[in-house]
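Got your viewer open and a selection box ready? Let's walk through this one together, stop by stop.

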Amino acid sequence: WRTAAFDAVRRWYTELGVPVYVGADRTGGRWPNRSAMRNDAAAQALAAGHDLLLFADADTFVPADQMWAAAHLAADRGRFTLAFNTYARVSRTATERWRGKVRAIDRRTDRAMRPGAYTSTLHAACAHGVPADLWHAVGGYDQRFVRWGFEDRAFWLACMVIGGGVEWVDGTAWHWWHPTAGDKDRR
């Protein structure tokens, strides 16, 4: 499930013409360090000369217009910008139905998958843009967060404080269903 979601999301952004950098965890720890993975992907993008970073979780995507809007807002306002204001956890059945048809999902098909969605101005990850200047000012993701969880919230808060706020794009982020990670910290 996770591999299929990752392949679909990577293909989605690649087909939109966005350079995709996949980060690796080189910390050598027992558990995956998502902060290290994000920092590695950012280092690759910055080394390639990009001045805006777009992050997308491997199991979540946003429609193209939202991603481009987030990129423009982040660049214009110099702030952390979420490419959505509604986060939808897609059911297993809907994931099976739509997984191979990512391009078919837009604002019209949005309502077909709406059950399970919730609106949140506190969701801090999934699809967001960060100007390089803000990235450097914040210092990237804090790698003291290991496994999965809360590293995105810490980064979001740091960007909010240092960058003077956070922006949101109107629309939905779609999170594909998958089994819970065995290494997820459930505390």
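What follows is a tour from the whole chain down to single residues, and keep in mind that the model is predicted.

**Stop 1: the whole chain**

Start in cartoon mode. You should find 6 helices and 8 strands in the protein chain. Trace them from the N terminus and the order reads α-α-β-β-α-β-β-α-β-β-α-α-β-β. Switch on a surface for a moment: the protein chain exposes about 9700 Å², with 53% of that supplied by carbon and sulfur atoms. Of the 187 residues, 45% count as buried. If you like contact maps, look away from the diagonal, since among contacts with a separation of 6 or more, 79% are between residues 24 or more positions apart.

**Stop 2: the four-stranded sheet**

Now select 52–56 and 166–168, which are strand 1 and strand 7, then add strand 6 at 127–131 and strand 3 at 80–82. In what order do the 4 strands of this open sheet come? The order is 1-6-3-7, and the pairing is mixed. Strand 1 and strand 7 stand at the edges with a single partner strand each, so one side of each has no neighbour in the sheet. Look along the sheet and you'll see the twist, which averages 20° from one strand to the next.

Zoom in on the edge where strand 1 meets strand 6. The two pair in the antiparallel sense over 5 bridges. Two of the pairs to pick out: F55 has H128 as its bridge partner, and L54 has G129.

While you're there, show the side chains of strand 1. In a regular strand the side chains alternate between the two faces of the sheet. Here L53 and F55 point to one face and are buried, whereas L52, L54 and A56 point to the other and are not buried.

**Stop 3: helices on the sheet**

Select 34–47 next. This is helix 2, which packs on the sheet and touches strand 1 and strand 6. Its direction makes about 145° with that of strand 1.

Then select 151–163 for helix 6, which lies across strand 3, strand 6 and strand 7. Against strand 3, helix 6 runs at about 125°.

**Stop 4: L82 and the core**

Go to L82, in strand 3. Is L82 buried or exposed? Its relative accessibility is 0%, so L82 counts as buried. Run a contact selection around L82, skipping neighbours within four places in sequence, and you'll pick up A70, H123, A124, A125, A127, H128, W156, E167, W168 and V169. V169 is worth a distance label: 87 residues separate it from L82 in sequence, but C-alpha to C-alpha they are 6.3 Å apart in space.

Nonpolar side chains tend to be buried together in soluble globular proteins. In this model the largest nonpolar core has 39 residues, and the members touching the most others are Y13, V62, F80, F84, W135 and F155. Put F155 in sticks. Leaving out residues up to four places away in sequence, F155 touches F80, V130, W135, V138, G140 and Y141.

**Stop 5: strand 8 and its partners**

Select 172–175 for strand 8: T172 and W174 point one way, A173 and H175 the other, and all are buried. Which way does strand 4 run relative to strand 8, parallel or antiparallel? They run parallel, joined by 4 bridges. Strand 2, at residues 60–61, pairs with strand 8 in the antiparallel sense over 2 bridges; there, T60 has H175 as its bridge partner.

Center on T86, in strand 4 (residues 86–89). T86 stands opposite T172 in strand 8. With 9% relative accessibility, T86 counts as buried. Its side chain also makes a polar contact with the side chain of N85, at 3.4 Å.

**Stop 6: two long-range pairs**

Pick A94, in helix 4 (residues 92–98). Its relative accessible area is 15%, so A94 is buried. A94 and W176 are 82 residues apart in sequence, with their C-alpha atoms 8.5 Å apart in space.

Finish at W1, in the segment before helix 1. W1 is partly exposed, with a relative accessible area of 30%. Draw one last C-alpha to C-alpha distance, from W1 to H178: 177 residues apart in sequence, 5.4 Å apart in space.

Note on methods
Residues numbered from 1 in each chain as written. Predicted model: local features only at pLDDT ≥ 70, side-chain atom pairs only at ≥ 80, totals over all residues. Heavy atoms only, no water. Pairing = 2+ DSSP bridges. Axes fitted to C-alpha atoms, helices over the stretch in contact; angles between N-to-C directions. Contact = heavy atoms within 4.5 Å. Buried < 20%, exposed > 50% of the residue type's maximum accessible area, 1.4 Å probe, protein only. Areas by Shrake-Rupley, 256 points an atom, 1.4 Å probe, with all protein chains shown as cover. Polar contact = N/O pair within 3.5 Å; in protein donor to acceptor, adjacent residues only side chain to side chain. Core = buried A, V, L, I, M, F, W, Y, C linked by side-chain atoms within 4.5 Å.
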